[in-house]
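Here is my note on the model you sent round. Please read it with the structure open.

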Amino acid sequence: DTLVRALELAGATTEVLAFSTTSWSGGTSRRDWQQAGSPENPGRLADLLHVVHKPAEATWRQSRMSLGAMVRTDHYREGVDGEALLWAEQRLLSRHERRRLLIVISDGLPMEASTASANGGHMLIEHLERVSNRIELTGAVELGALTLQHDIDSLYRRSDLVDLDGTPTLASYDCIARLFA
């Protein structure tokens with residue numbers, strides 16, 4: 001909420017997206033895979049949840065209720081971060097702004113139990129690494145990550161560990177300047 005308001009006051013267009021799975025243990029995707037005889041290397045086995053908390057066209061004031069809903073954790077389940085990046089990148093590329101910054105706020109490494117158990121534990125991390133490297137190499141979108149608990153420098157060229165305890169102030173957002181200066 002405060003980050004979006006600060007960026008809007010600075011004249012930036014913002015969009016706030018959330019990405020998770022629709023259920024624990026894969027959902028329909030996993031059931032379909034099991035009914036097909038559980039073939040090897042199935043790829044992602046989770047149904048995805050895309051949430052737009054604040055579309056780019058809306059102001060901070062218009063989106064406050066939806067931004068406030070982000071603190072509810074009951075709709076966040078597992079993380080498929082590479083696919084989240086792909087979705088956010090496509091949304092950014094459809095925008096007309098000259099400079100496009102994609103700021104990932106992450107609590108750590110991607111993890112989705114169904115996919116990991118059927119494909120090996122590193123598939124989602126490797127996918128995230130490939131996607132983030134491609135985004136950084138193409139340069140159409142500038143990518144940076146703010147991590148809340150774990151250092152994920154190996155996955156993002158630009159990343160910063162941030163402490164969100166307490167009340168954020170304008171000084172709390174100098175991490176954005178450090179990422180994209």
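The points below run from the overall fold to single residues.

1. Status. This is a predicted model. Please keep that in view for each value quoted here.

2. Fold. The chain holds seven helices and five strands. In sequence order the pattern is α-β-α-β-α-α-β-α-α-β-β-α. A helix thus comes at the start of that pattern, and another at its end.

3. Overall dimensions. How does the radius of gyration compare with that of a compact globule? For 181 residues, a compact globule would come near 16 Å. The chain has 17 Å, so the two agree. Along the principal axes, the C-alpha trace spans about 55 × 35 × 35 Å.

4. Burial and contacts. Of the 181 residues, 41% are buried. Take the contacts between residues at least 6 apart in sequence: 70% of them join residues at least 24 apart.

5. Surface and charge. The exposed area of the chain is about 10,500 Å². Carbon and sulfur atoms account for 52% of that area. Side chains that count as charged number 19 positive and 25 negative. The centres of these two sets are 7 Å apart.

6. The aromatic pair. How many aromatic pairs does a search of the whole structure find? It finds one. The partners are Phe19 and Trp87, with ring centres 6.0 Å apart. Their planes meet at 40°, so the pair counts as tilted; planes under 30 degrees apart would be stacked, and those over 60 edge-to-face.

7. What the pair connects. Phe19 belongs to strand E1 (residues 16-21), and Trp87 to helix H4 (residues 81-93). The pair therefore ties together parts that are 68 residues apart in sequence. Are these two residues buried or exposed? Both Phe19 and Trp87 are buried.

8. Asp160. This residue sits in strand E5 (residues 159-161). Its relative accessible area is 16%. Asp160 therefore counts as buried, since the cut-off is under 20%. Which residues does Asp160 touch, leaving aside those up to four places away in sequence? They are Ala145, Leu146, Thr147, Cys175, Arg178 and Leu179. Please look at this set with side chains switched on.

9. Leu49. Strand E2 (residues 48-54) contains Leu49. Its relative accessibility is 22%, so Leu49 counts as partly exposed. Val104 lies 55 residues from Leu49 along the chain, and their C-alpha atoms are separated by 17 Å.

Note on methods:
Residues are numbered from 1 along each chain as its sequence is written. This is a predicted model: local features need pLDDT of at least 70, side-chain atom pairs count only at pLDDT 80 or more; totals for chains, interfaces and linings use all residues. Side-chain values use heavy atoms; hydrogens and water are left out. Helices (H or I, at least four residues) and strands (E, at least two) are DSSP runs, numbered from the N terminus. The radius of gyration is taken over C-alpha atoms; the globule rule is 2.2 Å times the number of residues to the power 0.38. Buried means under 20% relative accessible area, exposed over 50%, partly exposed in between (1.4 Å probe, protein chains only). Contact means heavy atoms within 4.5 Å. Accessible areas come from the Shrake-Rupley method with a 1.4 Å probe; for residues, only the protein chains shown count as cover. Lys and Arg count as positive and Asp and Glu as negative; His and the chain ends are not counted. The place of a charge is taken as NZ of Lys, CZ of Arg, CG of Asp or CD of Glu. Rings of Phe, Tyr and Trp (its six-membered ring) pair if their centres lie within 6.5 Å; planes under 30 degrees apart count as stacked, over 60 as edge-to-face and the rest as tilted.
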